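User: Please take one part of this model and walk me through it closely, then show me how it sits among its surroundings. I work at the bench, so plain words are welcome.

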Amino acid sequence: MLQTIRDRAQGWLAWVIVILISVPFALWGIQSYFDVGGVPIAATVNGVEIPARDLDRRVEQARMELRERLGAAYDPAEFDDRQLRAEVLDALVREVLLLDVVRDLGLRIADQDVQIQVLSDPSFQQDGRFDKETYERLLQYQGMTPGMYEAQLRQQMAAGQLIRAVSTSELATTSELNDYQRLMEQRRELSYLRFPVAEYRTDAPLDEAAISAFYEAHPAQFQSPEQVKIDYLVLDTDALASKTESTESDLRSIYETDQARFAQPERRHVRHILLKAPDDGAAQAVLDEIEGIRERLLAGASFDELAKTHSQDPGSGAAGGSLGVIESGIMVPPFDQAAFALAQGQISEPVRTQFGYHLIEVTEIFPAQIKPFEDVREQLETESSKQRADALYYDLGERLASITYESPDSLIPAAEELGLVLQQSDWIGRSGGEGVLAHPKVVAAAFSDEIRLEGRNSDMIEPERDRLQAVVLRVAEHRDATLQPLSEVRDEIVAEIKQEKAKADAAAAAESSVEKLRQSSDWAAVSETLKPETPGLVDRRASEVPAAVLDTAFRLPAPAQGAFSVATATLDNGDSAVVRIARVEDGEVETREAGQPAPESIMLTQIMGRQAYENMLKDMERRADIKKRAVVTDDPL
């Protein structure tokens, strides 16, 4: 039919029809660039709109980066979706503000710099080299084209120029450096009283209304995560290797055609006597000396003894001059040429190298030979098996990609034709499953819209850059995140309410104890049963003190002579504590010679630079017209 259409679509009338048809398509394409009326907007920054789809894509990128960085430790339940989306939106807003300044300043990034950045990114490499297919596939999973990614990368690199310019503009003065040293090395006399939260827990029954109210106020906490069941096929060279077999004739054929690999070159056991020689006229005296040693050797003197007494080579002299067994090319060229030109037992003429003058003797020669077939048979078998498995992998990989594309709604045809096992997973979330299903690339594909919502087979996914393994999957079942019934989470709510009440009671007890301690400096006035802990004079790195207590201690104002400062702290386990500071000792300021930089100056300058950059961003945000319209969506990616 297509040929018939082609045969008849000739002449001016056909071209008129083609042009009339193409006009609305061209206008529709243009409208997709200029008409954004139907596109949801997440925020506007000084009139620049940030589409919600860009926010969704960047949120998904952030999730993928978290999976890559945390690996098996990644748990999506620990990352609040609302908070993540809010942080990503804040980052997008800042990017727009930075780009405004970048454009105003005329900062530019060369195409070559963008290319180098892309080519050197390990995520886009296979076997240590850039792989275009991997590059395009990873971007596809993120809903991006290479053009979109490179434009985004160019913007980020240009913004990086501004960031570096601002952050490196700070300079720590001597006064600031002295203050920094006094504060960082400061010590404080500390004591604290702990109020264990366990002491305030009760078994009193809770009001059902309070349980229901907590449930209704924290719906996100009781969500069952979005999950999928997937069908998948795995193509792996390790499994294919077991299906390949090399015959004896195959192995011998490889051995015969590639014998150069198994050749053992000629080797020689060599010893020498070295006299170091300068590059001036004094070298002649050294030459005369070593020629005298040679005459003694030729007259029958022991090489071993003369090497021990005269050789100036600290490595071989004590061993009678022995350098062991060497192959050609190991030693410096003049030495190498002389050593491999000697007959066994012959003493060389003095040989000059950058190390001095040498007398060389070859004590034994091992002729070149080829390793026997039996000695390399196991090596050949392993190599042959791998080569066959690799070839089979590429062949089956092409057929797998073709079959799963032609039958996009099932993996059964590919499994049957290629002899692969169709595997099924249990329910897995965005944190992944086990084995190959734990890999971020596989998880990202399973939860992509194209696979998850449209029910299509995925492209071939190669999880590891340095391993020939491919996965094709499709989503068999999908269930959205749902709110668990109150009956299923009631015990969890009860435990949390009781825990929060115990924390509040412990904190209240600590607060009331602060007032008692301020009226009486004696800890006994606070509690007759609880005993304070007295670490004494501590610095900021005191590991024996709970972090929250230490942080509070160094935030308190320095007390007056004979007085003390006091405050409360909440520990990581929920316990509360009353913290008291009785004395503060500033660190010593290191005396330095004029012009000599302190080691801390670089770090302090970096801290000040980062603060200057943050202050710049806050000022830009304060002066900008920012309207955030959508931080979260009803159906987050």
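Analyst: Happy to. A residue is called buried when its relative accessible area is under 20%. The model is predicted, and within it Ile428 has a relative accessible area of 8%, so Ile428 counts as buried. Let's start there and work outwards.

Ile428 belongs to the loop between S14 and helix H17, which covers 440-446. Setting aside neighbours within four places in sequence, Ile428 is in contact with Glu226, Gln227, Val228, Ile230, Gly433 and Phe447. Along the chain, 18 residues separate Ile428 from Ala446, and their C-alpha atoms are 9.8 Å apart in space.

Several of those contacts lead to a sheet. Strand S7 runs over residues 227-236, a range that takes in Gln227, Val228 and Ile230 from the contact list of Ile428. S7 is part of an open, three-stranded sheet with the order S14-S7-S15 and antiparallel pairing. Strand S14 (423-424) and strand S15 (469-479) are the edge strands, each with a single partner, so one side of each has no neighbour in the sheet. Ten bridges join S7 and S15 in the antiparallel sense, and Leu235 stands opposite Ala470 of S15. Helix H15 (residues 373-406) packs on this sheet, where it touches S7 and S15, and its direction makes about 145° with that of S7.

Two charges over rings are worth a look too. The charged end of Arg479 sits over the ring of Trp427, 4.0 Å from the ring centre. Arg252, for its part, lies over the face of Phe373, 4.0 Å from the centre of that ring.

For the wider setting, let's turn to another sheet. Here S2-S1-S20 is the order of three strands in an open sheet, again with antiparallel pairing. Strand S2 (48-51) and strand S20 (626-628) are at the edges with a single partner strand each, so one side of each is left without a neighbour in the sheet. From one strand to the next, the twist averages 15°. S1 and S20 pair in the antiparallel sense over three bridges, and Ile626 in S20 is the bridge partner of Val45.

Next comes the largest nonpolar core, which has 37 residues; Ile50, Leu55, Val88, Leu98, Val118, Tyr149 and Met616 have the most contacts inside it. Among the elements that give two or more residues to this core are strand S1 (41-45), helix H3 (52-70) and helix H21 (599-623). H4 contributes the most, with nine residues. Ile50 touches Ile41, Ala42, Ala43, Val45, Leu92, Val93 and Val96, not counting residues up to four places away in sequence.

Finally, the aromatic rings. The structure holds seven aromatic pairs. In one of them, the ring centres of Phe124 and Tyr135 are 4.8 Å apart and the planes are at 70°, so the pair is edge-to-face. Phe124 lies in the loop between helix H5 (111-119) and strand S3 (125-126), while Tyr135 is in helix H6 (residues 132-141), so the pair ties together parts that are eleven residues apart in sequence. Phe124 and Tyr135 are both buried. Ring pairs link Phe124, Phe130, Tyr135 and Tyr149 into a cluster, and Tyr149 appears again among the residues with the most contacts in the largest core.

How values were computed:
Residues numbered from 1 in each chain as written. Predicted model: local features only at pLDDT ≥ 70, side-chain atom pairs only at ≥ 80, totals over all residues. Heavy atoms only, no water. Phe/Tyr/Trp six-rings, centres within 6.5 Å; stacked < 30°, edge-to-face > 60°. Helix = DSSP H or I, 4+ residues; strand = E, 2+ residues; numbered from the N terminus. Buried < 20%, exposed > 50% of the residue type's maximum accessible area, 1.4 Å probe, protein only. Lys NZ or Arg CZ within 6 Å of the ring centre and 35° of its normal. Core = buried A, V, L, I, M, F, W, Y, C linked by side-chain atoms within 4.5 Å. Contact = heavy atoms within 4.5 Å. Pairing = 2+ DSSP bridges. Axes fitted to C-alpha atoms, helices over the stretch in contact; angles between N-to-C directions.
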